[in-house]
Amino acid sequence: MRHSDWIRSQNQYLWEAMQTHRFVTDIEKDQLPLDVLRRYFFFEHAFVETAVLIFGHALLKAPGFAQQRKLIATLSALSEAQLVWFQDCFAALGIGTKGSPLPKAVDDFATGMLGIAEDGDYAAIVTIMMAAEWMYGTWCMRAHQHPSTEPMLRAWVQLHAEPDFLSGADWLRAEVDREAAALDDAGRMRLADLFGRALQLEIDFHEAAYDSTWPVPKAEGNA
Ligand SMILES: Cc1ncc(C[n+]2csc(CCO)c2C)c(N)n1
């Protein structure tokens with residue numbers, strides 16, 4: 001069994017909880033409420049800058065130039081194509097850029113993931129990003145078999161079900177396999193623990209999109 005498979009198997013309950021989260025099952029049933037989707041995209045957009053910082057820590061701690069090149073490509077995609085994507089998305093769904101302070105679960109997700117990246121080594125960082133990307137690749141591949149009728153949501157799910165994204169998730173798995181092979185049992189257990197922490201933060205982040213007390217900022221001019 002690959003070390004990445006073992007790490008996931010140690011967290012089977014949390015993995016399933018995320019794969020069957022109502023955010024995921026609502027999308028699969030094509031019944032995600034539009035305001036939940038707007039809230040989610042607003043939180044996602046805010047996460048881009050955090051993801052850049054997380055991968056920035058990975059870049060500094062990477063074991064070699066091969067890893068650095070891969071991380072630079074990821075950083076470039078996040079800071080260019082991804083931002084353009086959100087501009088189009090916010091325009092299409094009438095989402096404004098200035099919102100209320102983020103809910104606690106969304107803040108906790110950013111501080112929790114970034115904290116692991118700051119305090120941890122390269123193995124810790126690729127483990128939490130593997131959790132985030134492998135989890136998305138899995139549910140988006142499933143969900144994309146029945147594409148959503150909402151164009152932006154359909155495009156978002158498709159983006160995470162395509163070879164470009166999936167190969168990035170596979171690369172993280174290979175990095176975790178290689179790093180974990182050099183560790184002892186306690187070291188591998190520590191990675192499994194971090195994987196579980198990342199999944200729990202993900203679950204709470206996606207639940208926050210259902211908090212109807214958090215007002216979705218409306219785009220100025222055409223609200
Ligand atoms: C809350 C949240 N968790 C995981 C992903 C999946 N994902 C897609 S791109 C990316 C970073 C760069 O590859 C990650 C982690 C997400 N979008 N939002």
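Is Trp-15 buried, partly exposed or exposed, judged by the other C-beta atoms within 10 Å? The legends below open with this residue and describe close-up views of a predicted model.

**View 1. Surroundings of Trp-15 in helix H2.** Trp-15 belongs to helix H2, which covers residues 12-19. The residue is partly exposed, because 19 other C-beta atoms lie within 10 Å and a buried residue would need 20 or more. When neighbours within four places in sequence are left aside, Trp-15 is in contact with Arg-8 and Leu-199. Leu-199 stands 184 residues from Trp-15 in sequence, yet the C-alpha atoms of the two are 6.9 Å apart in space.

**View 2. The loop residue Asp-30 and its backbone.** Asp-30 is found in the loop between helix H3 (22-28) and H4. Most residues other than glycine have a negative phi. Asp-30, which is not a glycine, nevertheless has a positive phi of about 55 degrees. This residue counts as partly exposed, because it has 14 C-beta neighbours inside 10 Å.

**View 3. Helix H6 and the glycine that follows.** Helix H6 comprises 13 residues, numbered 81-93. From the first C-alpha to the last, H6 reaches 18 Å, close to the 18 Å expected at 1.5 Å a residue. Gly-94 follows H6 and has a positive phi, near 65 degrees.

**View 4. The shell around the ligand.** The ligand is surrounded by Glu-44, Phe-47, Ala-51, Thr-74, Leu-78, Met-129, Ala-132, Glu-133, Tyr-136, Gly-168, Glu-202 and Phe-205. At least two residues of this shell come from each of helix H4 (34-61), helix H5 (65-79), helix H8 (122-143) and H11. H8 gives the most, with four residues. By class, seven residues of the shell are nonpolar, two are polar and three are charged.

**View 5. Packing of H8 against H10.** H8 and helix H10 (residues 163-181) pack at an angle of about 145 degrees, and their axes are 8 Å apart. The crossing of these two helices is left-handed. On the H8 side, the contact is made by Tyr-122, Ala-123, Val-126, Thr-127, Met-129, Met-130, Glu-133, Trp-134 and Gly-137. H10 contributes Phe-165, Leu-166, Gly-168, Ala-169, Leu-172, Arg-173, Glu-175, Val-176 and Glu-179. Eleven nonpolar, three polar and four charged residues make up the contact of H8 with H10. Met-129, Glu-133 and Gly-168 are among the residues of this contact, and these three residues also belong to the surroundings of the ligand.

**View 6. Glu-179 of helix H10.** Glu-179 lies in helix H10 and is one of the residues through which H10 meets H8. This residue counts as buried, because it has 22 C-beta neighbours inside 10 Å. Apart from neighbours within four places in sequence, Glu-179 is in contact with Tyr-122, Ala-123 and Val-126. Arg-69, 110 residues away from Glu-179 in sequence, is 18 Å away in space, C-alpha to C-alpha.

**View 7. Helix H11 and its buried residues.** Helix H11 runs over residues 185-208 and contains 24 residues, so at 1.5 Å a residue a span of 34 Å should result. The end C-alpha atoms are 35 Å apart, which agrees with that expectation. The buried residues of H11 are Arg-188, Leu-191, Leu-194, Phe-195, Ala-198, Leu-199, Leu-201, Glu-202, Phe-205, His-206 and Ala-208. Two of these residues, Glu-202 and Phe-205, are also found around the ligand.

**View 8. Leu-191 and Met-189, two residues of H11.** Leu-191 lies in helix H11 and counts as buried, because it has 25 C-beta neighbours inside 10 Å. Not counting residues up to four places away in sequence, Leu-191 touches Ile-7, Ala-123, Ala-124, Thr-127 and Ala-180. The C-alpha atoms of Leu-191 and Val-48 are separated by 24 Å, with their positions 143 residues apart along the chain. Met-189 also has its place in helix H11. This residue is partly exposed, because 13 other C-beta atoms lie within 10 Å. Met-189 and Ala-132 are 57 residues apart in sequence and 18 Å apart in space, C-alpha to C-alpha.

Methods: Residues are numbered from 1 along each chain as its sequence is written. This is a predicted model: local features need pLDDT of at least 70, side-chain atom pairs count only at pLDDT 80 or more; totals for chains, interfaces and linings use all residues. The expected span of a helix is 1.5 Å times one less than its number of residues. A residue is buried if 20 or more other C-beta atoms lie within 10 Å of its own, exposed if 12 or fewer, and partly exposed in between; C-beta atoms are placed from the backbone. A residue is near a molecule or strand if its C-beta atom, placed from the backbone, lies within 6 Å of it. Ala, Val, Leu, Ile, Met, Phe, Trp, Tyr, Cys and Pro count as nonpolar, Asp, Glu, Lys and Arg as charged, and the others, Gly among them, as polar. Axes are lines fitted to C-alpha atoms, for helices over the stretch in contact, and angles run from 0 to 180 degrees between N-to-C directions. A crossing is left-handed if the near helix is turned anticlockwise from the far one by less than a right angle, and right-handed if clockwise. Two residues are in contact if their C-beta atoms, placed from the backbone, lie within 7 Å.
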